[in-house]
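Here are some exercises to work through with the structure open beside you. Try each task yourself before reading its solution.

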Amino acid sequence: MNNCLLDIRDVSRSFGGVHAVRAVYSSVTEGMIKAVIGPNGAGKTTLFNLIAGTLAPHSGQVHFRGRPITGCKSHTIAGLGIARTFQTTKLFGHMTVLENVMVGRHPRTRAGFLAGMLNLPWTWREEREIRSRAMALLEEFDLAVIAEERACNLSFGQQRMVEFARALATEPALLLLDEPAAGLNIYETKALSERILKIRDRGVTCLVVEHDMSLVMNISDEVLVLDQGQKIAEGPPRAIQRNPDVIRIYLGEDHAANSES
Amino acid sequence: MLRILNLEAGYGALRVLKGLSLHVSEGEAVALIGANGAGKTTLLKTVAGILRPRCGTILLDKQPIQIKPAERIVRMGCALVPEGRHVFSTLTVRENLILGAYSRWSRKNRKDIDEVLEEVYSLFGILRERHAQLAGTLSGGQQQMLAIGRALMSRPRLLIMDEPSLGVAPLVVKDIFNTISILKNKGLTILLVEQNARAALAVADRGYVIETGQIVLEGTSRELADNPEVQRAYLGKEYQRIDE
Amino acid sequence: MDQSSQIVQYILSGLSNGAIYALIGFGFAIIYNATGIINFAQGEFLIVGAMTAVSLARVVPLPVAIALAVLITALLGGLVELIFIRRVREASVLRLIVITIGISIVMREAMLHIWDEKVRALPFFTGTDVSTISILGAHISPQALWVLGVCAVIVTGLTLFYRYTLMGRAMRACADDRMAARLCGINARWMVTLSFMLSAGIGAMAGCVISPLTQTQYDMGAPLAIKGFTVAILGGLGNSFAAVAAGLLLGLLEAFTVSQFASAYKEAVSIVVLLLILVFRPSGLFTRSDIGNLRAH
Amino acid sequence: MPLRRYAPVMCAAAMVVLIQVALSTTGNPYYMTQITMSAFYAMVVVGLCLLMGYAGQASLGHAGFFAIGGYVSAVLCTVNLLPYRDAAVLSALRSLGLLHIWKDIYGAEILSFVPWAAFVAVLILAAVIALLIGLPVIRLKGHYMAMATLGFGLIVYRIVIGTPLFGQADGISNVPPFPVGFGLQINGRAAFRVENYYIAWAVLLGMMVLSIHLVHSRIGRALRSIHENEEAAHSLGIDTYRYKLATFVLSAVFAAIGGAMMTHYNGSIGPSEATVMKSVRYVVIVAVGGMANLWGAMLMGVVLNFLSLRGVFGTFDDAVFAIILIVIMLYAPDGLLRMPPIHKWKTLLTRRSRE
């Protein structure tokens with residue numbers, strides 16, 4: 001594919017004797033929402049960590065916009081335009097919602113130690129811009145009313161959204177979402193899926209690990225199925241739902257046999 | 001034997017269990033199935049005393065145990081095989097098993113403990129073979145057997161298992177489920193939590209389906225296995241059996 | 001004294017110092033494995049033990065005084081855990097560090113006010129301060145042999161305890177996987193208290209055996225703790241034989257540096273070693289990678 | 001926005017003047033000496049507060065940097081180079097005005113560095129040493145970092161006490177005053193008491209202003225985010241290692257400035273400034289002040305050091321600090337002076353302005 005944003009080539013990673021991710025090939029096309037599914041322990045989060053640079057693969061390579069990013073530090077990768085959210089939200093609890101999102105502007109701004117200490121005039125302008133951009137994002141997410149609230153005081157659903165906004169503040173080309181619907185109720189999940197679609201529409205490619213199948217099947221353009229670290233299937237959601245291997249790992253042998261018959 | 005009423009629990013701001021109720025009768029095997037993140041593991045941790053519930057009641061033999069620490073609950077005859085096995089990887093297989101009987105350790109129990117150890121060894125022959133090996137060097141399936149064996153060492157009346165098939169090769173999963181039905185036939189009360197719905201419902205008498213911290217379905221294993229709702233929970237709304 | 005016997009002399013004094021460092025290192029490792037805390041007050045346990053024994057030795061025979069001192073220090077260790085550590089188990093590392101440092105200073109100042117600044121010493125266990133034994137042409141105090149002997153006994157005892165007793169196994173289980181240990185019915189909190197007692201007791205014993213050789217003063221805990229910590233890190237925190245080897249290595253290194261440099265720099269040696277290890281091999285010199293891997297999960 | 005930020009600075013400055021006036025008029029001017037010295041110690045505390053409270057790194061070796069500052073300026077200002085006056089290097093330095101000849105109290109001629117040159121050397125040296133120590137040490141976690149910095153502090157102490165150049169146990173005395181310009185000089189004699197009181201406070205409040213700016217800048221936000229959750233900070237493109245290292249160097253430089261000024265003020269420095277107990281004391285003060293609370297740390301730095309210098313705690317000096325430490329850590333880990341968080345003020349102010 002010519003507009004391939006992320007290319008995962010033969011990536012493997014093991015912990016001790018356990019192969020968490022084994023020889024996975026995959027690619028993400030610009031502008032799509034791709035979902036990664038699989039049972040618990042299938043290696044989904046590990047794959048995310050390998051892309052985001054939190055872990056280094058033992059073998060294989062990851063390319064982003066045609067450039068190899070294997071072995072890069074995660075802050076470098078974030079600077080290149082890959083942002084992520086975490087399975088258990090990792091907000092800066094004692095900072096305000098606004099400050100959280102302002103931190104997200106970090107890779108796109110430049111005031112350093114000396115400039116900060118001396119409070120140079122040009123940093124005022126930058127600071128104003130950081131603030132207004134962050135505020136704009138919060139407004140877009142309908143979070144402006146709680147902008148001055150400490151992040152640890154928010155409800156779980158709100159924390160998810162703030163983390164979302166914070167990741168977007170880095171102006172990523174690719175957004176990695178690790179189980180964004182975990183712990184959300186039905187309405188929040190619905191709002192979330194609309195949110196993800198909106199983000200895609202403004203040009204941010206999304207890679208989503210998710211367990212909520214209705215969410216996955218509703219929004220994704222393509223699904224990658226992992227089991228025990230290996231790729232089981234990859235394709236459009238409809239086809240995945242009918243794939244006998246996928247049914248087998250989710251419902252057991254019998255159902256797979258039924259489906260095939 | 002075990003009765004849970006309106007249980008609420010969670011971590012920090014996250015409310016995982018939202019007023020959950022279920023019960024397990026003496027001699028029964030009950031399966032609890034549901035997708036990831038539904039709250040299964042949280043429920044078991046709360047029952048075993050690792051996690052404090054926010055509110056609700058847990059009765060074991062009609063005694064409230066929701067405020068008791070894990071150590072006491074084991075003594076009362078309720079053993080948990082945790083998710084992800086949690087064997088003591090730097091201890092030998094035999095040491096792991098012996099520690100399983102820690103709560104009953106005393107001079108006069110000596111013989112009884114040797115007996116249970118013998119029972120566990122005959123249930124899982126591989127553990128006898130590898131008794132001097134470090135538990136961390138066992139394969140995933142063997143570790144799972146060890147975790148079950150360790151729980152059995154406390155001679156529990158209620159055995160709770162959290163995802164015994166997780167990360168275990170398919171052939172070994174079969175072995176493990178065979179063992180579970182052997183235990184059940186011996187009269188042990190079992191609460192089994194599984195993602196592998198099919199296998200779990202095959203050994204259980206009854207089952208519950210848990211979704212976002214609440215029980216959404218309840219019934220005999222057969223009823224649940226044939227329920228389209230169960231399938232929906234796993235494969236998404238649009239999933240329809242091709243033969244329908 | 002000729003060249004070779006001088007070398008033997010250095011080796012012997014290095015070994016006996018190293019044995020003490022190993023014992024202190026054990027103290028660190030025992031608590032670290034049970035709780036993940038580095039107990040900065042470990043050195044003070046040595047001094048408390050030795051000082052208590054010195055005071056008791058005036059009224060009861062020496063062996064009884066030492067036994068009582070070890071017991072009292074062990075109880076003190078347990079008390080420290082019950083009062084301070086237990087209530088902050090879930091706290092951040094920074095808080096725990098600061099608390100154990102605070103405890104060490106309070107203990108030191110308390111000792112200053114109880115036993116004043118005077119340098120004290122237990123009597124030699126056998127012989128006097130002038131009696132020597134000659135080995136390969138070198139003359140050493142019989143107390144040095146006591147030090148080596150006590151170290152050997154404690155290492156063996158600890159190994160047997162951890163390997164073959166239910167209590168020892170339970171302590172290892174807690175260190176390995178706290179949640180699983182609780183699910184087995186092990187009271188993890190008491191295991192932590194017990195490890196503080198054990199660690200304080202071993203510290204007190206170490207303090208008593210070196211007291212005749214190096215003498216004891218209220219503020220000697222911190223430098224000893226640094227050395228013990230160096231040894232514990234060198235040995236990879238938790239491997240008893242590696243800790244012994246590391247202790248002896250550090251002892252030898254120090255003995256030879258003293259022969260080359262001013263003694264004021266002697267302490268700097270162990271610190272430099274510590275810094276180098278922290279920088280280049282924080283997992284320790286002798287850590288077996290397989291065990292390391294098992295611990296990581 | 002700037003007004004709100006500078007209001008506490010103004011208040012502090014007013015307090016400083018008020019205290020001076022009060023002490024002078026009530027005839028207790030000698031209290032000023034201890035307040036001045038407390039201000040020097042508080043400089044270490046301000047830097048350490050940035051490091052511990054904002055970057056989340058504990059250092060148990062900051063007395064080492066204070067001592068480096070003091071000893072380096074003491075040595076450079078007192079070492080007599082007269083016997084080597086004809087060496088090419090020295091004459092070059094003399095022509096640059098970095099060396100001068102002065103007479104000590106016994107009237108002997110001494111050729112040594114001018115205090116300004118020594119001061120610049122202190123800044124550079126402290127930064128370089130902090131960088132070299134920090135490069136490996138900042139990578140370490142929790143206990144290891146604490147032990148490594150403790151080890152660094154001990155090495156400084158050992159070097160100071162074991163090297164004849166540093167006067168061993170006696171330290172270095174007869175350090176000349178430091179003419180800082182505008183006709184002012186750092187000098188401990190009674191005649192200069194008020195002048196030095198203001199010099200010390202001007203420098204301390206200057207450091208406070210720089211620190212406050214930093215904390216409220218993009219970098220400060222990044223530092224706080226590192227403290228809260230390092231993994232998340234990383235994922236937002238923050239190079240945590242570099243920022244922690246830079247903060248470490250900055251705090252070391254602050255400490256060295258305090259040490260250098262103190263040495264010129266007292267005219268001497270001794271090894272007691274380099275002990276582990278001193279390092280621990282700085283940590284205590286930051287903890288009591290509330291970790292990430294610059295004003296709390298500064299205030300506590302002045303108050304506790306003042307009490308200690310006045311000898312209020314007697315022979316229980318160290319014990320008092322340790323007990324304060326334990327009690328604070330057990331019962332009030334956020335510090336005694338938990339000021340309402342800055343954003344709360346913000347809401348108060350904005351609300352009022354909208355009405």
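**Exercise 1.** In this predicted model, decide whether B:Asp205 is buried, partly exposed or exposed, and then find its salt-bridge partner.

*Solution.*
- Step 1: The relative accessibility of B:Asp205 is 32%. Buried means under 20% and exposed means over 50%, so B:Asp205 counts as partly exposed.
- Step 2: B:Asp205 forms a salt bridge with B:Lys184, and the closest N and O atoms are 3.0 Å apart.
- Step 3: Now place the two partners. B:Lys184 lies in helix α7 (residues 170–185) of chain B, while B:Asp205 sits in the loop between α8 (197–203) and β9 (206–211), so the pair ties together parts that are 21 residues apart in sequence.

**Exercise 2.** Work out which parts of chain A are tied together by the salt bridge between A:Lys34 and A:Glu234.

*Solution.*
- Step 1: Check the distance. The closest N and O atoms of A:Lys34 and A:Glu234 are 2.3 Å apart.
- Step 2: Find the elements. A:Lys34 is in strand β3 (residues 33–37) and A:Glu234 is in strand β10 (residues 230–235), so the bridge ties together parts that are 200 residues apart in sequence.
- Step 3: Look at the surroundings. A:Lys34 is buried, with a relative accessible area of 0%, whereas A:Glu234 is partly exposed at 30%.
- Step 4: Follow the shared partners. Salt bridges join A:Lys34, A:Glu222, A:Lys231 and A:Glu234 into one network.

**Exercise 3.** Describe where A:Leu138 lies and which residues it is in contact with, leaving aside neighbours within four places in sequence.

*Solution.*
- Step 1: A:Leu138 belongs to helix α5 (residues 121–140) of chain A.
- Step 2: Its relative accessibility is 0%, so A:Leu138 counts as buried.
- Step 3: Its contacts are A:Val97, A:Leu98, A:Val101, A:Leu143, A:Ala144 and A:Ala147.
- Step 4: Take A:Val101 from that list. A:Val101 and A:Leu138 are 37 residues apart along the chain, yet their C-alpha atoms are separated by 8.0 Å.

**Exercise 4.** Build up a picture of how chain D meets chain A, starting with how many residues each chain gives to the contact.

*Solution.*
- Step 1: Chain D brings 32 residues and chain A brings 36.
- Step 2: About 3,300 Å² is buried between chain D and chain A, with 62% coming from carbon and sulfur atoms. D:Arg218, D:Arg221 and D:Leu236 supply 24% of the area that chain D buries here, more than any other three residues.
- Step 3: Count the polar links. There are three salt bridges between these chains and twelve residue pairs in polar contact.
- Step 4: On the side of chain D that touches chain A, α8(D) gives the most, with seven residues. By class, that side has 13 nonpolar, eleven polar and eight charged residues.
- Step 5: Zoom in on one salt bridge, between D:Arg221 and A:Glu127 (2.8 Å, N to O). Both residues are buried.

**Exercise 5.** Do the same for chain B and chain C: how many residues are in contact?

*Solution.*
- Step 1: The contact holds 29 residues of chain B and 22 residues of chain C.
- Step 2: The area buried between them is about 2,300 Å², of which carbon and sulfur atoms give 65%. B:Glu71, B:Phe88 and B:Tyr102 supply 26% of chain B's part, more than any other three residues.
- Step 3: Three salt bridges cross between chain B and chain C. One of them links C:Arg172 and B:Glu95 (3.0 Å, N to O).

Key: Residues numbered from 1 in each chain as written. Chains lettered and ligands numbered in written order. Predicted model: local features only at pLDDT ≥ 70, side-chain atom pairs only at ≥ 80, totals over all residues. Heavy atoms only, no water. Contact = heavy atoms within 4.5 Å. Buried area = accessible area lost by both parts, 1.4 Å probe. Salt bridge = Lys/Arg side-chain N within 4 Å of Asp/Glu carboxyl O. Polar contact = N/O pair within 3.5 Å; in protein donor to acceptor, adjacent residues only side chain to side chain. Helix = DSSP H or I, 4+ residues; strand = E, 2+ residues; numbered from the N terminus. Nonpolar A, V, L, I, M, F, W, Y, C, P; charged D, E, K, R; others polar. Buried < 20%, exposed > 50% of the residue type's maximum accessible area, 1.4 Å probe, protein only.
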